[in-house]
Amino acid sequence: MLRQIEGSRAIAETVALCRPEVVCAYPISPQTHIIEAVGAMVKSGVLTSCEFINVESEFAAMSVAIGASATGARSYTATASQGLLFMVEAVFNASGLGLPIVMTLANRAIGAPINIWNDHSDAMAVRDAGWIQLFAETNQEAADLHVQAFKLAEELSVPVMVCVDGFILTHAVEGVDILDQASVDSFLPPYEPRQVLDVDEPVSIGAMVGPEAFEEVRYLAYLRQRDALERIPEIARTFNDLTGRDSGGLIRTYRTDDAEIVVVALGSVLGTIKDAVDIRRDLGERIGVVGITTFRPFPSEAVRSALANARQVVVLEKAFSTGFGGVLSTDVAMSLRDMDFDLRTVVAGLGGRAITRRSIEEMLEKAQHDDLESLTFLDLDQGAVERERERMRTVRRSGPSAENLLRDRTADLSKAVRRGA
Amino acid sequence: MTDQRVHFYQVGSFAVGNRLLSPDDRTVQSQRDRTNSIDSGHRACQGCGEALGARYALDAAMRATNGRVVAVNATGCLEVFSTPYPETSWRIPWLHSLFGNAPAVATGVAAALRVKGKGDVRVVAQAGDGGTVDIGFGALSGMFERNDDVLFICYDNEGYMNTGVQRSAATPPAARTATTDAVGPEPGNIFGTGKDLPRIAMAHDIPYVATATVADLHDLERKVERAMAMHGARYLHVLVPCPLGWGSASNDTIHIARLAKESGLFPVFEAEHGKVTSVSTIRRRVPVEQYLSLQRRYGHLFGSNARPDIVARIQAIADENIARYALIDDATESQEMSA
Amino acid sequence: MDTPFAITLGVGTSRANHTGSWRVERPVYVDRLPPCNNACPAGENIQGWLYEAESGNYEAAWRKLVEENPLPAIMGRVCFHPCETVCNRVQVDEAVGINAVERFLGDLAIEKGWRLPDPGPDTAKRILVVGAGPAGLSAAYHLRRLGHRVRLVDSAEQLGGMMRYGIPAYRLPRAILDAEIDRIIEMGVDVVLNHVVHDIELERSAGGFDAVFLAVGAQLGKRVNIPAGDSSKVIDAVSFLHQVAHDDPPLLGRRVVVYGGGDTAFDAARTARRLGATDAVIVYRRNRERMGASGEEFEQALGEGVTVRWLSTVSRFDPERIVLEKMRLNEEGFPEATGEFEELDADSLVLALGQDTDLSLLDHAKDVTVHDGSVEVQHSMMAGASGIFAGGDAVPAERTATVAVGHGKRAAHGIDDFVMGRSPQEKQRHELATFERLNTWYYADAPRTKRPELEKVRRQTNFEEVIGGLTEENALFEARRCLSCGNCFECDNCFGVCPDNAVIKLGGEDRYEFDYDFCKGCGICVKECPCGAIEMVPERI
């Protein structure tokens, strides 16, 4: 049923339809609304046969999920940013133990400086944690991906992280078609664990594995992720058969058939990019878009074929590797490694900075003129950076940059006010 | 004391078993069909108190629940020596996740069992003192506060033994560890530091908190049984001497645990809902020196550069424990310190 | 379950890892000799029969007891129980009341009519036993069990020797004595009473005996020359007690002085009290510490009103008055005369200064050596090489009934070897189970049970038994106080305390075995064994 609904609420209701058995919650913006809504459903009896546990930290949240999953319960939690980092040891552990936990990551920047707004630093920080990472473009997809995530996780015994842009999606109210219970039940069978703590069939889970077998354990995990590349499109097709919706899958292309320039991106920013592309197309530029829905495992083959005819690939990222550059760019470059291509990285939207259609258009225009630097920070206040750099050069105890920049900004504003007066 | 001592038998109250005791009064450990929750072939050091304590506690839990126990284990010696691939020593369902999260994992297991309609299966979580009082403390406090249906057992050997004997918040004053060297004016661990986890647990008002040692099996088993008869968060703190970390003879493990209790340094008691309900009184009181002098971690207090002043400070701690928990029966007081 | 590779493992797989290879020392189970067994003159397996008694298996306990000693009800009354003196439990609280439990078992056997074991298959060997005291009866019993034919001769009218004629009835009721003697005779002993053997060689050849056991005792009271106004008022204690036993007590008057410090002196003084003496005074030349009598007998006598003059000798006995010389102990502890005298009112003087043997029957015996009034014997109790054996008070040893019983047993085995043509073999003894080897923590605190004593007033005037028996409950309790020194009593400690589950409990009464595949040799089992029945031995590498 199509409803105007907050993204978090849509996710929560969909998660509830997946009949989770243990849900653990620790508040952190912008994930909070999701877990609050699930909790309310459990408390009110809408969601039955579910243990909702208020834990004392994200580390505990993931740990509770580990224990529950190892005991055969369908387990779910949600987090963001600092919370993900606080649980990261358990994040690795969950995948190492092959526990099919599903977690919503309401993507948010990582401090310091503390920042509650959206970017993808958190998801990128755990890209090697052994989880499947799916990125939602819209709230509809965010909701739908959770149903697929449980199916995928449990089939492969691999945990799945559904990445949803914080605030931009989680707090946006828009039309979402929430599935009915019968449909979800038909799509998602009860959880049949591959291993379980069972008094009638005892096993030891979580052994110490030394050099003699560790590499094999890791290689097997790699193969399971390869298997996921097969299963994800199949599951998306099955979902499409059920709902008629094109949610999930590995990648989604937009106007790439004859594109010379292709923009590659993750998540909700794809909508803005598509709008900009439409405008540039109207100007006759052959520009297309590739949205990466499945970031881990990385769909190299799909990306490679989607970009096969592009002259220039622009990877727009909401995260970057501080000492190097693009993260997603690296994966794209690896996928194209023996091809002749021109790759540009655009870092944008860090800490929630708005990525406007206009900025993207300007960026695309540069790209059209081969004017885009290999690493570009979109809408960067170059003046503020220069002033801080100067200060650091001249004053040993120049103080924290974040505060300095804010002070500069306030000073600029008051100057502007005075000028205006 | 709430437990009834079995008089009349030469060893009924203290030894593991006795053919003269009624089967109900024998320990689980005296039974040929005990679970042996942790089986032979584990790689614990000779005379390991933790291996012993774990078998004592889990076998008792198995009997108390008719074999319906799953165990969650923190990282540490117990985990490492019991489950190096490709061999496990556990005969019960067992899960190891991380060092600091055993209480939370256990919460998850308990929640899953409840939701799966397997409420008869009970959860025991276990960790060393590091996993309990330090890195797992937050998760443990959370588990306590939520009153999750978990018996958490700390096998306290007073330091990080698995990593090579470093200080934990359970390391006692003056003890030498790799990070509290026996040098300087205040050699070994610093006085006035450390955590008393049983009392912290009691402050959570959870249904049951108890301490025990591997030296009194009857007491330990009775406490496990008591704990398993209850629901909610329960905490058992078991002193398990570590021959390697304490520098004691491998055959002295039980002897030293007994001296810890008999000197008053390790009070053995139980508490329900935050109130002490029973204490194991001292039977043959000994000065702390008897306990300390068997351990090389206290070697710097004796010998050519003896530090009787520090021994006296440790004795004062024992005396405070004795006063706090009333560890000396009036009846036995006259015999005290005669040893 | 198709479990994930490596991170999930099937239960119990660690048993493939044989940690026994770490070991440099291995524990082994041992049996050590308990001090009680070691000290028992009769060679009883005290720990063994207490073990049975602890379980309430009283008949089994009694049977184990009479393996060595056929007179438990008697021994339970008259034995001075050196076993209790050396009992390791002394160092915990008090000795186990072994003697009391022995008596309980002996009395129970009489009450239940338990029979001694059947005689062994007939060997047709004929053995002459001279003297039907404890040594002779013990020998007769063991010889019958070995299948030999026994003739038991005694000069008295009744069997029992000094047990009947020396020990007062208030210490050893005659019904008990008769019951235990009858039980031995029922095994098929040919008894000849009122028969004095004058020449042993003659007696032996006349009867065609293959061997002889002399157990003639020491029946002659020692006399010393004490100036006495009226020698009729001086009597030796042996004669005195003998006459009392014959129900023909001499008239000693109201003030009786007994001279001597051994048990016989106390028997005489206590008997005198029972015969009506208002004053029964023991005169002894040394002090309390150096007195020969047992502590128990001493305490009981004092309780009955007997008094003692320490450090005194009798120098003269005038009518109604005895002159005593005061003594002092020199540096070596020997009494020396002081030259100071004092007087004591007395109607009669009983001399309890020891006994002599009458060994005239050996005058014609070849290669038997009599020295200082005693027959010299080898370990097997054989005197010389001719098949004449001797024991009891007639040989150099402590003169107690229990020692005599032990002699009888040893002689029986010596005779058996002799008549069957075997060379005697000494049994290998286990190492002693000393107190240091015990871990006494495990023994519950349990003070000793006191045997009830007859009210003092009552026992001053009659010959009823002074010391009562234990109730069954008390006997059981007392038996369970046994520490089982050096002998596994299946407390399960080793089974429980092994961190490696390397002790296999065999169950039943089969004790335990070590699983050396897994034993790492930590030694906790040894340290925590209450009774010291495990030891570490170096591993052969």
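**An open strand, a chain contact and a domain boundary**

Strand 14 (residues 335-345) of chain C lies largely in the open, because zero of its eleven residues are buried (20 or more other C-beta atoms within 10 Å of a residue's own, C-beta atoms being placed from the backbone). Strands here are DSSP runs of E, at least two residues, and helices are runs of H or I, at least four, numbered from the N terminus. The model is predicted: local features need pLDDT of at least 70, side-chain atom pairs count only at pLDDT 80 or more, and totals for chains, interfaces and linings use all residues. Residues are numbered from 1 along each chain as its sequence is written, while chains are lettered from A and ligands numbered from 1 in the order in which they are written.

Strand 14 of chain C pairs with strand 13 (residues 321-329) of chain C in the antiparallel sense, over eight bridges; pairing requires at least two DSSP bridges. C:Ala337 in strand 14 of chain C stands opposite C:Met327. Five residues lie between the strands of this hairpin, and C:Gly333 takes a positive phi near 90°.

Chain C gives 46 residues to its contact with chain B, which gives 45 residues. Contact requires C-beta atoms, placed from the backbone, within 7 Å. Helix 16 (472-480), helix 17 (493-497) and helix 18 (524-528) of chain C each give two or more residues to the side of chain C that touches chain B.

In chain A, the domain assignment gives domain 1 (2-243), domain 2 (251-377) and domain 3 (382-420); such bounds come from an automatic or database assignment. The centres of domain 1 and domain 2 of chain A, taken over C-alpha atoms, are separated by 27 Å.

Definitions and conventions:
Buried ≥ 20, exposed ≤ 12 C-beta atoms within 10 Å, placed from the backbone. Contact = placed C-beta atoms within 7 Å.
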